[in-house]
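Let's take a walk through this model together, starting with who touches whom and ending with a few odd backbone spots. Keep the viewer open as you read.

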Amino acid sequence: MTFLPRSIVPKAPPIKTQGIKTKLVPLIARSIAWDGKGRWIEPFLGSAVVALNIAPQRALLADTNEHMIALYRGIQEGSITGPAVRKFLEREGAELLDKGESHYYAIRDRFNEQGAPLDFLFLSRSCFNGMMRFNKKGGFNVPFCRKPERFRPALVTKIVNQVEWARRAMDGKDWEFVAQDWRITIAGARSGDLIYCDPPYVGRHTDYYNGFTDEESDDLAQALIGTDGSFALSNWLENKYRRNDYVDRWFPDYAWRTMSHFYHVGPQEALRNEMTEVVILSPCAAAPPGEPVQADEAPLPLFETSELSDV
């Protein structure tokens, strides 16, 4: 039995980023053909939502955002647990309720000085619109969401459950989390590996950590086309205003799988319109369209009402 394609009812990760792929996980999982014997490689880990839902046995998970990598290493190694997260968020949430935005900015200053993963988690879930943005010096600079009551018991419990789910997803598996440039990650791919690539979208200004230029997007396309592994690349295809010529220019002869949806995390209303997403597949990675897929054994309820709005 092949590892992919299969049917997945997705769960959300403990961290939030703009462009999060929770809603695209079913499309990704049913579009890729892969036996699961090599490594699942992600050069742009982001929130880790795809890797956590796909849950391969072996994975190389990379990002230039060392704070994201540190968070998931902590969960993997057991230094960040559900009970520890609950205790931290209940304590800091009470301070936030008492002191308001001044406490948010105190946590932000502390994080920018020390880089503690739990402070990173706190900021991700209490900043404006669930944004992840850093200045040129590497400092987290998103303002407060203006909700001092942010960490109500229900949200704290949800985040704790998401941390525990992430721990279970990687438990007993050979996953390596590394902070490194995407070029190094892709260069290490070998035959049998599957590269899932979710870069900052060209022309969308949604980068969450550092600069990613149009020239880098072109370099990425060439690296994927030349890799020894198979690949699946996520990007935007079109919206009501325009079409992404990057996709047409670099991948006209590759298999495409598409779906339309709305993004709910972002700084501007203009970035929250309906968009057609595309998953581009190298020849060996393309599952036949409409092929029956195996289902995960224990499907979970699709999205809670607040799953995409509690940012």
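Contact here means heavy atoms within 4.5 Å. With that in hand, two bits of housekeeping. This is a predicted model, so to speak of local features a pLDDT of at least 70 is needed, side-chain atom pairs count only at pLDDT 80 or more, and totals for chains, interfaces and linings use all residues. Residues are numbered from 1 along each chain as its sequence is written, and side-chain values use heavy atoms, with hydrogens and water left out.

Now the overall picture. The protein has 10 helices and 9 strands, where helices (H or I, at least four residues) and strands (E, at least two) are DSSP runs numbered from the N terminus. Of its 311 residues, 52% are buried. Buried means under 20% relative accessible area, exposed means over 50%, and partly exposed is in between, using a 1.4 Å probe and protein chains only. If you take the contacts between residues at least 6 apart in sequence, 74% of them join residues at least 24 apart.

Helix H7, residues 153-170, is a good place to zoom in. Its 18 residues reach 26 Å from the first C-alpha to the last, close to the 26 Å expected at 1.5 Å a residue; that expected span is 1.5 Å times one less than the number of residues. Which residues of H7 are buried? Among them are Leu155, Val156, Ile159, Val160 and Val163, and the list also includes Lys158, Glu164 and Trp165. What do the buried residues of H7 pack against? Their partners are helix H2 (49-54), helix H3 (66-77), H4, helix H6 (117-124) and strand S4 (174-179).

Glu164 deserves a click of its own. This residue of helix H7 counts as buried because its relative accessible area is 17%. Leaving out residues up to four places away in sequence, Glu164 touches Thr81, Gly82 and Pro83. Just past the helix, H7 is followed by Gly172, whose phi is positive, near 75°.

H6, one of the partners of H7, is mostly covered, with 6 of its 8 residues buried. Those are Asp119, Phe120, Leu121, Phe122, Leu123 and Ser124. The buried residues of H6 pack against H3, H4, H5 and H7.

Next, a helix pair. Two packed helices are described by the angle between their axes and the distance between the axes. For helix H4 (residues 82-99) and helix H5 (residues 101-114), the axes come within 6 Å and cross at roughly 130°. Axes are lines fitted to C-alpha atoms, for helices over the stretch in contact, and the angles run from 0 to 180 degrees between N-to-C directions. That crossing makes H4 oblique to H5, since angles under 35 degrees count as roughly parallel, over 145 as roughly antiparallel, 65 to 115 as roughly perpendicular, and the rest as oblique. On the H4 side the contact is made by Phe88, Glu92, Glu95, Leu96 and Lys99, while H5 brings Glu101, Ser102, His103, Tyr104, Ile107 and Arg110. By type, the residues of this contact divide into 4 nonpolar, 2 polar and 5 charged. In that scheme Ala, Val, Leu, Ile, Met, Phe, Trp, Tyr, Cys and Pro count as nonpolar, Asp, Glu, Lys and Arg as charged, and the others, Gly among them, as polar.

Follow the chain on from H5 and you reach Ala116, in the loop between H5 and H6. Ala116 counts as partly exposed because its relative accessibility is 25%. Ala116 and His67 are 49 residues apart in sequence and 8.1 Å apart in space, C-alpha to C-alpha.

Another residue to find is Arg249, in helix H10 (residues 245-250). With 46% relative accessibility, Arg249 counts as partly exposed. The side chains of Arg249 and Asp218 are joined by a polar contact of 3.1 Å. A polar contact is a pair of N or O atoms within 3.5 Å; within protein, one must be able to donate a hydrogen and the other to accept it, and residues adjacent in sequence count only if both atoms are side-chain atoms.

Finally, the backbone oddities. Most residues other than glycine have a negative phi, and most peptide bonds are trans. Ala48, in the loop between strand S2 (40-42) and H2, has a positive phi of about 75° although it is not a glycine. Is Ala48 buried or exposed? At 2% relative accessibility, Ala48 counts as buried. Arg146, in the loop between H6 and H7, also has a positive phi, near 65°, but Arg146 is exposed, with a relative accessible area of 67%. As for the peptide bonds, the one from Leu4 to Pro5 is cis, with omega near 10°, and Pro5 lies in the segment before strand S1 (6-7).
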